[in-house]
Amino acid sequence: MSAIAWLASRALQRRWTLRLSGVEIPLAIFIALSLASIPHASYKMAAIEGASAFATLALSVVLVASLFAGKRSLLLGLLNSALAALSLYALLQRWWILPALDATIAGNLDPETLIRLKSREVWSTFFYPNTFAGFVAMLLPIAAGTFLDAGDLRTRMVTGLTLTLGVVALACTGALGAF
């Protein structure tokens, strides 16, 4: 919300130029087709939810392209930091948090949650392991590109550590579709 407010204030002051990345036109076509399919859908709420999700994605692409225009290293640093932090939390979850939960509250859980805890599949801060695996799978190529593009040794070492954490966390999700 704050990014939208910032961009709106810049637009009202006429100090903002719209920056597009080239992804918006296919997204706009897809959103138009999604909206056109709503009257013909047998489940209207699901169709509305899908169309609004893609509209939000399109708005996010425009916001990111505008907010980080000329600040490529800042955007890559934020994405790599998110990957490192969430992967580290997932690894802590796998080897420390889940075993501690299993030992303390195993008798007070419903069977589905107990099966989830015993599987040791991590989900970090996401709802499901597959969702977290999809997030990691999207950010691993960005981290790999940053690693290959790094000019100095320090950046290469930090990004290499981030890549390692991400690959291990991805393996701990148990999501075979992410590979």
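Start with Gly177, which sits in the segment that follows helix H7 (153–173). This is a predicted model, and in it Gly177 counts as exposed because its relative accessibility is 78%, where the cut-off for exposed is over 50%. Look across to Ala137: it is 40 residues away from Gly177 along the chain, and the two C-alpha atoms are 9.7 Å apart.

Now go to Ser87, part of helix H4 (residues 72–105). With a relative accessibility of 0%, Ser87 counts as buried. What does Ser87 touch, leaving out residues up to four places away in sequence? Its contacts are Phe132, Val136, Leu165, Gly166 and Ala169.

Phe132 also turns up in the surroundings of another serine, Ser124. You'll find Ser124 in the loop that links helix H5 (111–119) and helix H6 (129–149). Loop or not, Ser124 counts as buried, because its relative accessibility is 4% and buried means under 20%. Besides Phe132, Ser124 touches Leu86, Tyr89, Ala90 and Gln93, again not counting residues up to four places away in sequence. With Leu86 there is a polar link as well: the Ser124 side chain comes to 3.0 Å from the backbone oxygen of Leu86.

Finally, helix H3 (residues 44–67). H3 has 24 residues, so at 1.5 Å a residue it should span 34 Å, and the C-alpha atoms at its ends are indeed 34 Å apart. Which residues of H3 are buried? They are Ala47, Ala51, Ala58, Val61, Val62, Leu63 and Ser66. The packing partners of H3's buried residues are helix H1 (2–12) and helix H2 (24–37).

Terms used: Residues numbered from 1 in each chain as written. Predicted model: local features only at pLDDT ≥ 70, side-chain atom pairs only at ≥ 80, totals over all residues. Heavy atoms only, no water. Helix = DSSP H or I, 4+ residues; strand = E, 2+ residues; numbered from the N terminus. Expected span 1.5 Å × (residues − 1). Buried < 20%, exposed > 50% of the residue type's maximum accessible area, 1.4 Å probe, protein only. Contact = heavy atoms within 4.5 Å. Polar contact = N/O pair within 3.5 Å; in protein donor to acceptor, adjacent residues only side chain to side chain.
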